Structures are given as C-alpha cells and as structure tokens.
Amino acid sequence: MRQGTIPGLDKSSPIPLYFQLENWLLEEIKNGTYPVGQCIPPESRLKEMFGVSRTTVRQAINKLIESGRLARNGTKGTIVTVPGKKSASIRSMEPFNRQIVRAGQVPRTEVLKLQIIQADEFLAEKLQISPGSRVISMFRRRFADDVAVMTLQSFLPYETCSFILDHDFTWESLYEVLSLKEDRKPYGVKQSVEAQFPTSEDVKLFNMETVKPILSFECQDRNAAGEIVSYNLLRYRGDCMRFEVDVVEGTADRSFCPLEAVERT
C-alpha cells in the first residue's frame, strides 16, 4: 500500500467537513492507495490526521459504506469493497457487461487466450461431440472499474460456432454474438456452483494481496432444441460478487423447465 497525500480540510469552506473527508477517501481508493480488500485508516487515526471530530469521520465513512465503496469488518476494521456490488439473479440472461454498467461501473474484458484445440474425452462428453473434434477455447478476464472480478474459460464446437472468430470479445458479448444465429442462441443452462479456495492462478489473475473465496460455476449452455452450445468454467471473486437464487414451488416436477442461467458470457 502506498502512502497517499494528506491535504488539510478547508474548515472555512461552506462544504461540510465530512463531505470533504469523504471525497479525500474516495480519491485515495480510486488511485489505489487503499486497494479493494484492504483497510482504510481507523477512525481514531483519521480524526488525528485531519483534526476533526469522530462524528465527522463516521459521517464520511458511513456515506462511503452506503455507496458500496467501504464495508465494516468486525475483525479487520473498515475495508475497501467493489463499488455498487449488486445481487445478480442466478436465472438472469443479461450479459455481464450490461449488468456491470447497470451497477454504475465500467466493464472491461481481456482475452488472454484464444485457440483451436482437439476435444479430449472430457470435453467431448461436455459438448456432446466426438473425441478429436475441433473446439474453440477462449479464456477471458473481466473487470469492474479496473478491479478483476471474474475469469471465464469457454469451449465451443468449432463446426457450429466458427463464426464467432470474426468478432472481438474485448468488447463484444459471447452470448450476444451467439444469439446472432437462432440455432446457437443460448436459451438455458445446466450449472453447478461451488465455493472454493483460490488457486495460485486465481491469486495472480485477481491480483489478490490476501486470500479471498472463489465462487466457481460450471455451465453447459443449451439452445432451444436442447443442443449444447458451449461449456463454460466461471470463477468469481467471492468478495466482489453476490448471486440470488429464485426458488419456485414445483421445480421438482419434470414438466416444469424454467430457464436457469448465470450472468451471460
């Protein structure tokens, strides 16, 4: 953590002191002095640094908590969080970029690897194709306000999905590109969700300074005919994302088939 600049608050200004302190803390968060997952100085230290009352300090901190920039942790103190952390429905078909924009954040995607591989027995089973068939393999890292929150490994049958190679997934959505062809448009997904400890690769890709939980999704996207469109492995920083599950009575009935999808790719 680098040391930030500590300007004096203008006590002669009509701008409330808590608001000035709130803005200073926000700028320090944005410029990386206090990164996501790390603590800001304790209230007593901020009171001493700026020569203000504890009430003023608490007002500033509470405003940043309300906006989603900070969160109180009983054991650590007040930590920096991803702004606008929202609850995403586990049944939503909305693309990731659109959800991030709706949350008031700026999305960004890096395509770290894109290649054609041959399907082994495992991928052949997941994609319902023959072993040895060509498969598009794409690995991406996704950001919200320059904070890495998700990695995504996608596998698609080359024979039916080669048209996606003409698109730029640093800004385009795979879900929306697949939807350009009706027979490739995902209409539902079979998925499993698991909480895991981060791997060494997770720590590197998410720039973790401390261990954070990982939410791991394994998904098979299907088209309207029930054919497998893609197989995806998603990994989210558990301290940055939260998901809601909408449970409907009667879902055990085999005739009841709601769409069940995570944030679209």
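Ala, Val, Leu, Ile, Met, Phe, Trp, Tyr, Cys and Pro count as nonpolar, Asp, Glu, Lys and Arg as charged, and the others, Gly among them, as polar. By these classes, the lining of the largest pocket has 10 nonpolar, six polar and seven charged residues. The model is predicted. This briefing covers that pocket, then Asn23, then the cysteines.

**The largest pocket**
- Its volume is about 450 Å³.
- The lining of the largest pocket is made up of 23 residues.
- Nearest the centre of the largest pocket lie Pro35, Val36, Asp145, Asp146 and Val147.
- Pro35, Val36 and Val147 count as nonpolar, because Pro and Val are in that class.
- Asp145 and Asp146 count as charged, because Asp is in that class.
- Helix α1 and strand β6 (147-157) each supply at least two residues of the lining.

**Asn23**
- Asn23 sits in helix α1, which covers residues 17-30.
- Asn23 has a relative accessible area of 31%. Asn23 is therefore partly exposed, since partly exposed lies between the 20% and 50% cut-offs.
- In sequence, Asn23 and Leu64 are 41 residues apart. In space, they are 9.2 Å apart, C-alpha to C-alpha.

**Cysteines and disulfides**
- The structure holds zero disulfides.
- Cys39 has a relative accessible area of 22%. Cys39 is therefore partly exposed, because buried means under 20%.
- Cys161 has a relative accessible area of 0%. Cys161 is therefore buried, because that value is under 20%.

Note on methods: Residues numbered from 1 in each chain as written. Predicted model: local features only at pLDDT ≥ 70, side-chain atom pairs only at ≥ 80, totals over all residues. Heavy atoms only, no water. Disulfide = S-S within 2.5 Å. Buried < 20%, exposed > 50% of the residue type's maximum accessible area, 1.4 Å probe, protein only. Helix = DSSP H or I, 4+ residues; strand = E, 2+ residues; numbered from the N terminus. 1 Å grid on protein atoms, 1.4 Å probe; cavity = no way out; pocket = protein on both sides within 12 Å on 5 of 7 lines; lining within 4 Å. Points joined across faces, edges and corners; volume = space filled by probe spheres on them.
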